[in-house]
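Work through the exercises below with the sequence and the model side by side. Try each task before you read its solution.

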Amino acid sequence: MTQRAKKLLLMAAGVWLVMTILAVSFGPVSIASLERRLEANAREALDRRGLNWAQVSMSGQTATVTGAAPDDDQREAAVAIVQASTWSGGVVAGGVTRVVDEMTSARLQRGFFIRADLVSNARVLVRGGAADDATRSEIESFAQASFSNGANVDLILVPGGLAHPSWEDTVKRLLGQLARLEQGAIYVSGDSAALVGEAANPQIAQSVTRTLASLPEPYQGASLITPSGAPAEVSIANMAGCDAVIRAAHGTDDLRFDQDGVAPSPLTEVALRRMAEVFQACPDALRLRVEIGIAEGGRELAAARSERVQDLLISAGAAAGRLDVVLATNAVRLIQFEIENDEE
């Protein structure tokens, strides 16, 4: 190769290198442009699924998710949603290749998950978390005194947890109102507090509803109280309230199917019917999304389960047009649900 040819080759390589640097730095396929596109897609996907508590930022094709997750299911869902928000991930496809989980638990920031279920003989079961032993003891003493047949309290201490100053008062108010009902349950998570149940008469139902409408800040109360022989008293203002009342309604057991079968277990069928009834009282703009996990039985079994669950929900009163029953390959549980907003 002549000297002149070598110089021309070096000049061409130099021009190619400069053009590549400019394209990567400033062009439509630049790193910054790619990051903006991936971040916008991830944020839109999170908002569409109602996970607007989660924030995402990009470094190249690596996403970092932050925010206070209401529970473990939603935390895991946020990671999966961001991972799949653009194509299927991967360098060639131009999607998210890695998700870094820097989320915290909402119970460490704004209080703790707690639920209480009124069982037979006016006895209450209380489950969830507490910030310290003094708070746990106070809740247990209050529950024992409020229910005629006492309480079974199992609150786990969360190291480093910091409850909002009004958390204990809010839980006590909910327990106090639950004690006035014939049956029911409460659920508190984040700044949402819910109660569902049955009252002996309309006067009690109305009184309980009014009490929960004025909980201490920052808690927002939601309720569905059905008096004997009268229409339900409903107070569900938004998506968070709808989610909370449904979680109160579905009970303490995980949703599951009969082993290797198509039908939900008997307890799950009862829970799904309660959830459908409660969901119909939620604002019209909301949808109930139910994900059926694909397990060892494969897609065919999951599809049959999906059809059975949808039929069950509709027969219990849920409008077909407000339901999305879908198959999920990355589901944490075989049946899980979330509330979505049609207007977003």
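**Exercise 1: A sheet of three strands**

Thr-62 stands opposite Arg-98 in β4. This is a predicted model, in which local features need pLDDT of at least 70 and side-chain atom pairs count only at pLDDT 80 or more, while totals for chains, interfaces and linings use all residues. Residues are numbered from 1 along each chain as its sequence is written, and side-chain values use heavy atoms, with hydrogens and water left out.

*Task.* Find how β2 and β4 run, then place them in their sheet.

*Solution.*
- Step 1. Strand β2 covers residues 62-66 and runs parallel to β4, with 4 bridges joining them. Strands are DSSP runs of E, at least two residues long, and helices are runs of H or I, at least four long; both are numbered from the N terminus. Two strands pair if DSSP finds at least two bridges between them.
- Step 2. The open sheet has 3 strands in the order β1-β2-β4, and its pairing is mixed.
- Step 3. Strands β1 (55-59) and β4 (98-101) are the edges, as each pairs on one side only.
- Step 4. From one strand to the next, the twist averages 25 degrees. Angles run from 0 to 180 degrees between N-to-C directions, and axes are lines fitted to C-alpha atoms, for helices over the stretch in contact.
- Step 5. Helix α3 (residues 72-83) packs on this sheet and touches β1, β2 and β4. Contact means heavy atoms within 4.5 Å. The direction of α3 makes about 155 degrees with that of β4.

**Exercise 2: Another sheet**

*Task.* Which strands are the edges of the sheet β14-β13-β15?

*Solution.*
- Step 1. This open sheet has 3 strands and mixed pairing.
- Step 2. Strands β14 (323-328) and β15 (335-341) each pair on one side only, and these are the edge strands.
- Step 3. Strand β13 (residues 286-293) and β15 run antiparallel, joined by 7 bridges. Leu-286 stands opposite Asn-341 in β15.
- Step 4. Helix α10 (residues 298-315) packs on the sheet, touching β13 and β14. Its direction makes about 165 degrees with that of β14.

**Exercise 3: A crossover**

*Task.* Trace the chain from β7 to β8 and give the hand of the crossover.

*Solution.*
- Step 1. Strands β7 (residues 123-130) and β8 (residues 151-157) pair in the parallel sense over 7 bridges. Val-124 stands opposite Ala-151 in β8.
- Step 2. Between these strands the chain passes through helix α5 (residues 133-146), and this β-α-β crossover is right-handed. That means the path from the first strand over the helix to the second runs clockwise, with the strands pointing away from the viewer.

**Exercise 4: A cis bond**

*Task.* Which residues does the cis peptide bond join?

*Solution.*
- Step 1. Most peptide bonds are trans.
- Step 2. Glu-217 and Pro-218 are joined by a cis bond, with omega about 5 degrees.
- Step 3. Pro-218 sits in the loop between α7 (202-212) and β11.
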